[in-house]
Amino acid sequence: MAKYIDAESLIAELKSAGAICDFGAFLIERQPTADVQEVKHGRWIKEKPSALVHWHCSVCGDCYYLDEPNAEYCPRCGAKMDGKDGESDG
């Protein structure tokens, strides 16, 4: 699986450590880029405002009226519903 990095941060860190020259930075900068998006993590939160039970996404707050949510991802914001709420919410 590919690992995506922030090339500018890498170059700055390598330069500050004296571990790279301008040509090395040039080679890093000319590498092809990928169109990636950070994964949002969330969880389903159960609420019972009335006779209906509803669940909402901890990231976007969108509600679903279900007995139990079975989606691994929020249909609205795409957050991965793995319960790792504090990692990358919002």
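Here are legends for four close-up views of this predicted model.

**View 1. The largest pocket, with its lining on show.**
Start with the space itself: the largest pocket has a volume of about 270 Å³. Its lining draws on one stretch of residues that includes Lys3, Tyr4, Ile5, Asp6 and Ala7. Further along the chain, the lining also takes in Ile28, Glu29, Gln31, Pro32, Thr33, Ala34 and Val36. Sort the lining by class and you get seven nonpolar, two polar and three charged residues.

**View 2. Lysine 15 and aspartate 22, joined by a salt bridge.**
How many salt bridges does a search of the whole structure find? The count is one, and lysine 15 and aspartate 22 are the partners, with their side chains meeting at 3.6 Å, N to O. Lysine 15 is partly exposed, at 43% relative accessible area. Aspartate 22 reaches 61%, so this residue counts as exposed.

**View 3. The largest nonpolar core, with cysteine 74 picked out.**
Eight residues make up this core: Trp44, Trp55, Cys57, Val59, Tyr64, Cys74, Ala79 and Met81. Now zoom in on cysteine 74 and look at what it touches, leaving aside residues up to four places away in sequence. Its contacts are Trp44, Cys57, Cys60, Tyr64, Ala79 and Met81.

**View 4. Cysteine 77 and cysteine 60, two sulfurs without a bond.**
Why is there no bond between these two cysteines? The closest cysteine sulfur to that of cysteine 77 sits in cysteine 60, but the gap is 3.8 Å, and a disulfide needs the sulfurs within 2.5 Å, so they are too far apart. Searching the whole structure turns up zero disulfides. Cysteine 77 counts as partly exposed, at 22% relative accessibility. Elsewhere, cysteine 21 is partly exposed too, with a relative accessible area of 47%.

Terms used. Residues numbered from 1 in each chain as written. Predicted model: local features only at pLDDT ≥ 70, side-chain atom pairs only at ≥ 80, totals over all residues. Heavy atoms only, no water. 1 Å grid on protein atoms, 1.4 Å probe; cavity = no way out; pocket = protein on both sides within 12 Å on 5 of 7 lines; lining within 4 Å. Points joined across faces, edges and corners; volume = space filled by probe spheres on them. Nonpolar A, V, L, I, M, F, W, Y, C, P; charged D, E, K, R; others polar. Buried < 20%, exposed > 50% of the residue type's maximum accessible area, 1.4 Å probe, protein only. Salt bridge = Lys/Arg side-chain N within 4 Å of Asp/Glu carboxyl O. Core = buried A, V, L, I, M, F, W, Y, C linked by side-chain atoms within 4.5 Å. Contact = heavy atoms within 4.5 Å.
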